[in-house]
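Trainee: Could we go through this one together? I'd like to ask how each label was earned, not just hear the label.

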Amino acid sequence: MSIIAPGSEVSRAWGQVLFIFLPVAAVFSILLMILTANWLQRRISWRDEIRRAINARQFRVHYQPVYNNQLQRCTGAEALMRWTLPNGDVIRPDIFISAAEAEGMIVPLTRHLIELIVEDVQAWQVEPGFHLAINVAAEHLQHAEFVSDMLAFAARVEHKQFTVTLELTERSLIKDGDEVALKLEQLRAAGMKVAIDDFGTGHCSLSYLQTFSLDYLKIDRGFINAIESLGGETPVLDAIINLSLKLRLKVLGEGVETALQLLYLQQRGVVFIQGYYYARPMDNATLITWLKEKGPRPIHAEKDDHSVQRPG
Ligand code: C2E
Ligand code: CA
Ligand code: CA
């Protein structure tokens, strides 16, 4: 069966359709163009902003001391990047680090971090073997010049006799596993240590702990936060601690904010402690004084002091 309509009727119907849909389509196209332009602009501006900030020396490094429960003193520090704009506004590291990762800027940014660290450490007076930890992004690990970048860094601070520790996230181990394992072995052979950061929050299969040659597990502060009492059970945290000890990996508890958390970890054999309870990240000048005054001293956690202590 077919329906025959006069030509004028057909063109009138088409006219109506076009009358309604064309403007709608035009509005949508314009909206889409605006959104795309906006997105491109933001992409370009993050990349440009980071590049500009590097040149204008807006980045600084803060260092957070790490406490060794066995030696009862500070035996290392983690370098954490800071970005302050000329107007005094601070951009949070998790924001600019993910932007740098997304914009292909993390390698130049990490190279810049290394430059800043090399300048800072000239004034440090620490014993040989002091751990200097830097955070390494997954994208940098995949980079062809990763090993040479790290070796060059180690060479530039060689006179300080640091133990350079590379903090990687579980995500870094997933892609190109064999190649990454090889790179890490090369760097460990050169005397560096490898730590898995934020352990327990990523998608790492436990078998990775055997596949890769690692030295430290940094237990994410989410698990430390779960500690409620000394006698209480935190099954996941306890399992991570036991597993690490069995695998002969050294364990570091991150984000330790209270005496209770410190005691809990000490009682379970966790050797390394990092968090506001011991020391906050601080600028280079503050760190140098801190290392002299507080670095060699033990911390004593009072059993009945379960409050959040924030020493300055
Ligand atoms: P992260 O590597 O896990 O660093 C530890 C973060 O926890 C730091 O935050 C530190 O200031 C904070 N923190 C330390 N102790 C405590 C505590 O007791 N309580 C609480 N609530 N927080 C504590 P920050 O400096 O804001 O850095 C955030 C993240 O940004 C870092 O997490 C790291 O993933 C990344 N990041 C920072 N600097 C760099 C860098 O130079 N390179 C790379 N690739 N990533 C960096
Ligand atoms: Ca870290
Ligand atoms: Ca961490």
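**Two calcium sites and what surrounds them**

Mentor: Let's start at a metal: along the chain, the donors of the calcium ion (ligand 3) follow the spacing D-D-x55-E. Keep in mind that this is a predicted model.

Trainee: What makes an atom a donor of the calcium ion (ligand 3), and which residues supply them?

Mentor: For calcium, an N, O or S atom counts as a donor if it lies within 3.2 Å of the metal. Asp197 (OD), Asp198 (OD), Glu254 (OE) and Glu254 (OE) coordinate this ion at 2.2 to 2.4 Å, so they pass that cut-off. The site also ties together parts of the chain that are 57 residues apart in sequence, because Asp197 lies in strand S6 (residues 193-199) and Glu254 in the loop between strand S8 (250-253) and helix H10 (259-267).

Trainee: What makes Asp197 a bridge?

Mentor: Asp197 coordinates both the calcium ion (ligand 2) and the calcium ion (ligand 3), and the two ions are 4.1 Å apart.

Trainee: Which residues coordinate the calcium ion (ligand 2), and at what distances?

Mentor: Glu78 (OE), Asn135 (OD1), Glu167 (OE) and Asp197 (OD), at 2.2 to 2.3 Å. Those values sit inside 3.2 Å, so the four residues qualify as ligands of this ion. Their spacing along the chain reads E-x56-N-x31-E-x29-D. Asn135 in strand S4 (residues 131-135) and Glu167 in strand S5 (residues 163-169) are 32 residues apart, and the pair links distant parts of the chain.

Trainee: Why is Glu167 called buried, and why does Asn135 count as partly exposed?

Mentor: Buried means under 20% relative accessible area, and Glu167 has 4%, so Glu167 is buried. Asn135 has 28%, which falls between 20% and 50%, so partly exposed is the right label.

Trainee: What makes Lys218 and Glu254 a salt bridge?

Mentor: The rule asks for a side-chain nitrogen of Lys or Arg within 4 Å of a carboxyl oxygen of Asp or Glu. Lys218 and Glu254 meet at 3.8 Å, N to O, so the pair is in. This pair links distant parts of the chain, with Lys218 in strand S7, Glu254 in the loop between S8 and H10, and 36 residues separating them.

Trainee: How do you know that Lys218 counts as buried?

Mentor: Lys218 has 3% relative accessibility, and the limit is 20%, so buried it is. Glu254 is buried too. Strand S7, where Lys218 sits, covers residues 216-219. Beyond its neighbours within four places in sequence, Lys218 is in contact with several residues of the metal sites, among them Glu78, Glu167, Asp197, Asp198 and Glu254.

Trainee: What about Arg268 and Asp238, what makes them a salt bridge?

Mentor: Their side chains meet at 3.5 Å, N to O, so they satisfy the 4 Å rule. Arg268 is in the loop between H10 and strand S9 (272-273), Asp238 in helix H9 (residues 235-246), and they are 30 residues apart. At 25%, Arg268 is partly exposed, while Asp238, at 15%, is buried. As for networks, salt bridges that share partners join Glu78, Glu167, Lys218 and Glu254 into one.

Trainee: How many salt bridges are there by this rule?

Mentor: The count comes to 15. One of them is Arg92 with Asp94, at 2.5 Å, N to O.

Trainee: Which residues have the most contacts inside the largest nonpolar core?

Mentor: Phe59, Ile117, Ile134 and Leu166, in a core of 82 residues. Helix H3 (residues 106-121) gives the most to this core, nine residues. Domain 1 (7-56) and domain 2 (60-293) each supply at least three. Apart from this core lies another, of six residues, including Val66, Ala195, Tyr216 and Leu252.

Trainee: How does the radius of gyration of the protein chain sit against that of a compact globule?

Mentor: A compact globule of 312 residues would come in near 20 Å, but the protein chain has 26 Å. Its C-alpha trace spans about 95 × 45 × 40 Å along the principal axes. The protein chain has 11 helices and nine strands, and 43% of its residues count as buried.

How values were computed:
Residues numbered from 1 in each chain as written. Chains lettered and ligands numbered in written order. Predicted model: local features only at pLDDT ≥ 70, side-chain atom pairs only at ≥ 80, totals over all residues. Heavy atoms only, no water. Donors = N, O, S within 2.8 Å, 3.2 Å for Na, K, Ca; no water. Helix = DSSP H or I, 4+ residues; strand = E, 2+ residues; numbered from the N terminus. Buried < 20%, exposed > 50% of the residue type's maximum accessible area, 1.4 Å probe, protein only. Contact = heavy atoms within 4.5 Å. Core = buried A, V, L, I, M, F, W, Y, C linked by side-chain atoms within 4.5 Å. Domains from an automatic or database assignment. Rg over C-alpha atoms; globule rule 2.2 N^0.38 Å.
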